[in-house]
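Please open the model in the viewer and keep the selection panel at hand. The tour proceeds by stops, each with a selection and a description of what is found there.

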Amino acid sequence: MASVPHITVVGGGSTGTGIARDLAMRGLDVTLVEKGNLTHGTTGRMHGLLHSGGRYAVSDQKSARECVEENFVLRDIASHCVEETGGLFVKRPEDTEAYFEEKLQGCRDCDIPVEVLTGAEAREVEPHLASDVDKAISVPDAAIDPFRLCVSNALDAERHGARVETHAEVTDVLVEGGEVVGVEIRHDSGPGKRVHGSPGSTERIETDHVVNATGAWAGRIGALAGVDVEVRPSKGVMTVMNTRQVDTVVNRCRPKGDADIIVPHETACILGTTDEEVRDPEEYPEEQWEVDLLIDELSKLVPLLGEARTIRSFWGVRPLYEPPEVGSTDPTDITRDFFLLDHDERDDLPGMTSIVGGKLTTYRMMAESIADHVCDRFGVAATCRTADEPLPGSEDHAVLDDAMQRFGLRSPVARRSSQRLGSRTESVLSRCDPNPVLCPCEAVSRAEVRDAVDQAGTDLNAVRLRTRASMGNCQGGFCAHRIASELHPTYDEPTVDDALAELVEERWKGERHALWGQQLSQAALKYTLQATTMNRDADPAAAEGDVDWDAFDAGDRPVADGGRGGVHRDDTDGGNGGD
Amino acid sequence: MSTPSEPPEDTTAAGASDDDWTYVFGEHGDLVGESDLRPGADSCYKCSSCDTSCPVAEVDDDFPGPKFQGPEQWRLKRQDDTDIDPSVMDCSNCMRCDSACPSGVPLSQMHNTARAEYVAEHLSKTSVEYWRNRVLANYGTLARIGSKVPRLTNFVMGSRLTRFLNDRLFGITGEREFPEFATETFRSWWDDRGGDEESRRRARQVRERRADSDPNDPKRVAYFHGDYSNVNTPEVAKAMVRVFESYGYEVAVPDQRCSGTPMFANGMLDDARRAAKFNVETFHALVEDGYDVVCSCTSCSMALRQEYPELFDFEGTDTVAAHTYEALEYLRVHESVREDVAAADADFPDLAYHAPCHARNQGLDRQAVELFGDLDGVAVDDVGDSCSGISGTYGWKTEHYDVSMAIGEEMFEHMEGVEGETGMTECPTCAMQMEHGTGYEIRHPLELLEAALVE
Amino acid sequence: MDAAAYTATTPTEGTVAIEDDVLVVGGGLAGVTAALAAAREGARVRLVSHKESTLRQASGVVDALGVVDGDLVTNPFEAVERLPESHPYRTVGTDALRAGLDLFDSVADYEGSHTDANALVPTHGGTVKPTARYPVSVAPGLASDARSTLLVGFETLPDFDAPQAAAHLDRAGVPFEVRGVTLPFPGDLRADAAITRYADLLDEATTVDGGRVDARTALVERVKPHCSGAERVGFPALLGFEEREAVRAELSDRLGVDVFEVPMGPPSLLGMRLAERLYAALDDAGVGVETGNPVVDVTSDGERVREVTVERTHTRVPYAAEQYVLATGGLVGKGIVSNREAVRERVFDCHVPHPADRYDWSAAGAYGDHAFARFGVRIDAEGRPQDADGDPEYENLRAAGSVVGGADVAAEKSASGVSLATGYVAGRRAGEEVT
C-alpha cells in the first residue's frame, strides 16, 4: 500500500472503541465517530456484568466459551474497570433440580470453573440471600464498568493516533461508483470536545473503509448505504438500587426469564432485566410494570430488595441479530453471538463492513475479528495485541495508601478514586489543591472532575460517566451545580449554565422511574433546593434581562450620600412587575 | 464468639476481680464485620443536618462530620473493604447527629460499628493508645478497685505527679482532676440500709399512706445506677431511691456492670458486649417479674434503650429497652410529678442547667427545665443546646482535651451568663466538664426533686 | 421509621398522658408559628417534633409568593388572586398571610416588613429569588440596590462559585456592576470541613496562619485587595453564628464597605440561626417543646382525636390535648410518605389526593408541572384537613405548612408564606377553641 489506509469506525460503544483501538494499534489511520457520548447507545445502558459464560452454558455454549475466555482477558487488560465479585446461580425451591444439573454440566462443558454451594454456604457468601434458597453454583462472574472501559479504549486509540469525534452523527454514507467512500457527519458543536452553544457544522470524511459498529442502530447506517442489516433490537429494563445489598453477582438458576440477575456495581446494585423486541432502538415505552417486576421477582432471591431504595431505572436495547432465515419469534431465543457482515460479499457493496450481535464481555474478541478482516482486506500484516496490552489506567496497580496520605483524601474516598483511576490515580489527584469532594455520594473530588472535563469538554454527562459524579443517591441534587462550576472560567457562564441544565434533565429522566418512598423524598428535596433555594426554574437570566428591578424592594437602609441606594417603599407601586 | 464465662460477682463489688482484667487480654469477638449497615444509607438524603449539629466538626476540621462517617462511608463500602477512615476515632459519640437526622439514618450505630472495625483492624493492640482507651473504657473496673481504698486512690490520682505521668506516658490529660471517690459507695450504703427488702418495706408504708396507690399492688423499679453514681456521687443514687420510695415504689438494686457507654465510644465492642450481656440478663429477669428499669444517668438509659438493641441481640434486649426510663421521665409519665412539683417549694441554690447530649437524643433535654419551671424557691435556667464537649472519656484524652474545651466554651459562657452559680445536669461526665470549666458545684435533678418532694 | 409509623401501637401499660390544651406535632416553621399563635390566645401549648427542626436545612429567607405562571411577582398579596382556588392561600385568605408575617416579624430579627413588595435576593446559584422577608445580614445584598458588588467564594466551598454567580447575575441584567473572586479561607481548613467550622473560626476570631493573626483579620487581608470599586461585598452565609453581628460589623468596618451574606442550601447557617431564634420565642411564650421522638399512633372516637402516642426509643407515652395541629412537613419533611402504590399522611392518615398511576406523580421535565409537588392534605378555611368527601377528618385537628398540599410552593416560591399563613390559622383557631 502506498499510504496507510484510513478507516472510519461508526459507533462509540464498546465494540466501536475496541475496534478503533485495535486498528490504531496495528498502525492504521482511524477516525471514530459517535453521535452522542461514548457509550451513548447500548454499552452505557447495561447492568455491567462481565459474564462468566454461565448464563449461556445451557442454551448457547459457543457464546459461553467466548465469554469465559474474554472474562479472564479483561481482568488483566482492564483491571481498573473490573471488580472481581464472583457470581452465584441461585436455586429456589420452585426452580427445578434438572435445570440446576443442566447448568452445572453446561458450565463444566464450557470450561467455566464452578463450585456447588449449599444454601447455608451461599448465605455465608451473601448474607441477605433468602433463607429458603436451596443451593447455588458459584461461577467467575464479575462486574465491569462499561464507561471506563470505553473511555480507556478510546483514550488508547487516540494515543495510537486515532481521531475520536463524539457528538458527531453520521448523516450520510457516501457511496460512489457502487462503493462506500466515506461518511458525512454533523458535529453537534463543531469538531473536537463538545462545547455547549458552539455552532454545529457538517463534515465529509473520505475513507478507505467504513466499519458500522452501531449495534442496535446498525440498520440505520445500513439504510444510509442502501443495504439491509436486520438487527432485532430488544429492550431490557435495569433498576439501580441505592446501596449494595449483595457483593456477588446473583443470578437465578432457571431457564430464560425476566428479572433474574442482581449485579453489584460500584456503590450500587443493578437489577436486571427484561427482554422485549422493539421496532426502534430509541423510541420505545418505558413502563412501570417492568420496574415493579424486577423488584417483586428479585425480592424472592434477596428479600431486602423489596423495601430497599431504588435511585433510578434505565432501559437499554440489545443489538440482537440473527440471519433472517432463522426466524426466531421470541427475542430470548436469538443467539447472543456476533456476526460480521461483509457488505462486499453479501450486498456487492465494497467499502463497508457491519458488526452486529454480541455482548460487552466479548467486545474485544469482536473487535479483533473485524480488525483482522479489515487488515486482511488492506494487506496489513500487523497482528492483534489488544489481549496483551493493558488499557490506560490498568498498567499497574495504584497503591491506595499513597493516594490517601499524599492527597489528603479520606480513606474510602481515596479507595474509590483509585479504583476508578487505576494507574492514573497519582497524576489525576495531584492536579489540584485544595481538592474538595464535589460528589460525596460517589466520592468524586474536584481533581477527578477536572480531569474528566479536560477529556469531555462541557459535556457533563460525559464527565459523569467518567467519574460517577451525580450518580449516587442525591442524583445531582447537591452536586450538579458544583460539577458545572468546574467548567468556569474555562468556559463562559452561559455555556456552563446550559451544561448544568442538560445534566439536571438527564438525571431526572432516570430518577423518575424511582419516585416513591425515600427517592421521592430525595427528589422533592432536590426540587426544593433547585427551585426554592436557587430559583433555577424561574431564573431571570433566562428572561434576557427583562426584569423591572426598580419595582422590587431594595432594602430599608438609609440612602447614602450620592443616592446610589435602590428602591424604597415609596417608589414601589405594589403592582405586579417582574417581566 | 468464645465469651469467657461471667465471673460471679457479689454485691460488694468484688467484680473487680482478676477476671475482669483477663477480659482485657481476651480475644476480639466476632461482632466486628458481622453487621452490614449499608442499607441504613438508604435513608440518607444528604441534607447535612447531622454535620451542622456535630460539636466536633464545628471546632475541628480534621473531623469530616457524621454524614461522611456514617451513611457516606458505609455506602462506599464493599464487603471485603477493611479500611475505615481514622477520623472515626475523633467522634466523641455524643450522638447529636441521631437527633438531628430527619430521615432516621442509624448514624451512631454506624459510627459505633465503624469505630469497632477500626479498632479491631487498625489500632495496634500493643499501642499505648489502645491500652489507654481500653482502660478509660473500663472505668468501672478501675473505679471498683479504687473505691475500695477511696482515700488512697484520691490521693494518688489527685497527685500532680500522677497527672503528669498520665499525660506524658498514657495520653490522659493532666489538665483535669480525677473525680473523687466517695468514702462510702452507694451499694454499701444500700446494703447497710437493708437492701431490696428494706425498700419493699418502706414503699409499702408509703402506699398505705397515699390515697393514689394500692398497698397490695406493688410498684417496682429496678435501678440501673451505673458506676459513677455508685462510687463517685452516691448522693444522686440515694436521692433516686428516696424519691421513688416516696411515690411508693419498691426499688431493687441488682448486680450490674458498666452500661457500656465508654466502651462504645472507644470502639471496645467486645468489652461492651460482655457488660451488656450481663446487664440484659439481670434486668430482663426483673422486667419479667414486673419491674421497670430506671436510670439516673442519661447515657446509661441511652445505652440500654438504643445502643443495646442496635448492637446486640441477647434474649430480652428489646424487652429491657422497652421498659427502660430515665428517672424524671419515668415519674412524668407514671406519676403526678408535674402537679406535685408545682405545689412544692425547695430550698436549693439557683441552677444553671445543661442538658446532656444523650438526654437530647431521648427527647429528654427540656424536661427538667419544664418541670422545675413550676417549682417555687429555685430558678432553673437552661444554658442552651450546646454540647459540654467532654463526651465521657473523650475529653480525658490528651489529644482531645483542647477540642473538648473548645466545644465546651459556649456552655461555659452561657453558664456564667445566667443567675444560678450552681450547675445541674443528669450526666456525670458533663458535670465534670461543667465543674472544670466554671468551678461551680454541680447537682443532679434528682437531688432537686428530693429537696422538693421528700420530707 | 416509616414502617414503625404504620404499625398500630398502644401506649406502654401504666403510663398516664402528658396533657396540654394544644399539641402541635412538628417543629418546622409552620409548627412553631401554630404554637406561638395558640400560645398568644392563652392556651397551654406543647410542641413535639420527631427530630431537630428542619428549619436548620432551610435557606433562611422567608418567601411569600414569588412566581405565578412563570412570572416574577412584585407584590405577593395582590398576586394571590391569580392562584387556583384550591391553593391554601385562597382557602385561608391573604389576611392570614399578613397575620402570619406579622407574627414572624414580632419574633424574628428579619427585614422586609417595610414594604409589600418582594425583594430579589441573590442565591448561591447566581440567580435571584423573590422573597418577602430576609435576614439582616442578607439585606445589603438585594439585587434592586444599585451598589456595585464583589462576591467572594472560597476554594474549599464548591457550593458557591462566586465568579460564575457574578457572571450569571450580570446576564440577568442586575442594575449594578458585579464581580466574583475565589479565595482560600483563612486557617487552611481541610477541604471537607463543616460549614460550622468556618463560622466558628470567625466567631471565636481564632488565631490562624501560623499564629500570625486572627481569622477575621486574615479574611479582611485576603479580601481587601479585591475590593476596589465595590460598594458592598457578599460572602456565602458563614459569617459567624453566635457572634454573627460582631463578625459582620467588623468585616464591614475594616473593609470599608457593607458586607452581606448570600443564602446557601443545606447545611445552612441562616436556617440554623432562624431555628434558634424561633425556638427561643417558643420558650418565651411558655410553649413546652420536646424533640427526638415521633408520634406513632392516634386514638380517636371517630369525631375527635383523644390522644396520640409518642414513641420514646422503645417505650410509648400518650400525649393528650383538646386541640391538635399537624405540621409534620411534606415529602421532604416526611410528614407525607409513599410507597410504590400510594401516598399517605404519616401520623393521622389524613386523606392525600394523588393520581393512582405512579407515573403521573411527576412530569417529564426536571422543572415540569409535578403532581408530587402538590401532595399533601387539603384543608378547609379553619385549617382542618378534609377527608375524601370534603368533610373534616377530625373536629379538633388542624394542619399547617408543607403537610398541606395543593400548591407547588417550590415553583411559586411560597413555602414559608404558606407555612406562616396556615400555621397562624391553625394555631389561632386551636387556641380560640380552648380559651
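Begin by selecting Arg468(A), which is buried because its relative accessible area is 4%, under the 20% limit for that class. The model is a predicted one. Arg468(A) sits in the loop between helix H14 (460-467) and helix H15 (480-485) of chain A. Its phi is near 75°, a positive value in a residue other than glycine. Most residues other than glycine have a negative phi.

**A salt-bridge network across two chains**

Keep Arg468(A) selected and add its partners in a network of salt bridges: Glu83(A), Asp145(A), Arg148(A), Arg244(A), Asp247(A), Glu266(A) and Glu442(A), together with Arg38(B), Arg75(B) and Arg78(B). Over all chains, the count of salt bridges comes to 131.

**Annotated spans of chain A**

Next, colour residues 438-484 of chain A, which the unreviewed UniProt entry annotates as "domain: BFD-like [2Fe-2S]-binding". This span is 51% helix and 9% strand, with its end C-alpha atoms 10 Å apart. Then colour residues 7-364 of chain A, to which an unreviewed UniProt entry gives the annotation "domain: FAD dependent oxidoreductase". Here helix accounts for 25% and strand for 31%, and the end C-alpha atoms lie 18 Å apart.

**Three individual salt bridges**

Select Arg21(A) and Asp156(A). Their closest N and O atoms are 2.7 Å apart, and the two residues form a salt bridge. Arg21(A) belongs to helix H1 (residues 14-25) of chain A and Asp156(A) to helix H5 (residues 146-159) of chain A, so the pair ties together parts that are 135 residues apart in sequence. Both Arg21(A) and Asp156(A) are buried.

Which side chain of chain C meets Asp292(A) in a salt bridge? Select Arg358(C), where the N to O distance is 3.0 Å. This pair crosses between chains: Asp292(A) is in helix H7 (residues 288-298) of chain A, while Arg358(C) is in the loop between strand E20 (343-345) and strand E21 (397-399) of chain C. Asp292(A) counts as buried because its relative accessible area is 15%. Arg358(C), at 4% relative accessibility, is therefore buried as well.

Move to Arg277(C) and Asp109(C), a salt bridge whose closest N and O atoms are 3.6 Å apart. The pair links distant parts of the chain, 168 residues apart: Arg277(C) is in helix H10 (residues 269-284) of chain C, and Asp109(C) is in the loop between helix H5 (94-107) and strand E5 (110-111) of chain C. Are these two residues buried or partly exposed? Arg277(C) is partly exposed, with a relative accessible area of 35%, and Asp109(C) is partly exposed at 31%.

**Surface patches**

Switch to a surface representation and select Asp382(B), Asp385(B), Glu409(B), Glu413(B) and Glu416(B) with Glu204(C), Glu242(C), Glu243(C) and Glu276(C); these residues gather in a patch of negative charge on the surface. Helix H23 (residues 401-417) of chain B contributes the largest share of the patch, 3 residues. Glu413(B) is placed in helix H23 of chain B, and it counts as partly exposed because its relative accessibility is 36%.

For a nonpolar counterpart, select Val149(B), Leu152(B), Phe155(B) and Val156(B), which make a surface patch of about 390 Å². Phe155(B) lies in helix H9 (residues 150-158) of chain B. At 62% relative accessibility, Phe155(B) is exposed, since exposed residues have over 50% relative accessible area.

**Backbone details**

Return to a backbone view for the remaining selections. Most peptide bonds are trans. The bond from Asp433(A) to Pro434(A), however, is cis, with omega near 5°. Pro434(A) is in the loop between helix H12 (425-429) and strand E22 (437-439) of chain A. Select next Pro266(C) and Pro267(C), which are joined by a cis peptide bond with omega about -5°. Pro267(C) lies in the loop between strand E14 (258-262) and H10 of chain C.

The tour ends at Ala205(C), a residue other than glycine with a positive phi, near 50°. Ala205(C) is found in the loop between helix H7 (195-203) and strand E11 (207-208) of chain C. Its relative accessibility is 24%, so Ala205(C) counts as partly exposed.

Technical notes. Residues numbered from 1 in each chain as written. Chains lettered and ligands numbered in written order. Predicted model: local features only at pLDDT ≥ 70, side-chain atom pairs only at ≥ 80, totals over all residues. Heavy atoms only, no water. Patch = residues over 30% accessible without salt bridge, like charges linked within 9 Å, V, L, I, M, F, W, Y side chains within 5 Å. Areas by Shrake-Rupley, 256 points an atom, 1.4 Å probe, with all protein chains shown as cover. Salt bridge = Lys/Arg side-chain N within 4 Å of Asp/Glu carboxyl O. Lys, Arg positive; Asp, Glu negative; His and termini not counted. Charge placed at Lys NZ, Arg CZ, Asp CG, Glu CD. Helix = DSSP H or I, 4+ residues; strand = E, 2+ residues; numbered from the N terminus. Buried < 20%, exposed > 50% of the residue type's maximum accessible area, 1.4 Å probe, protein only. UniProt positions renumbered as here; feature names shortened; annotations may be inferred.
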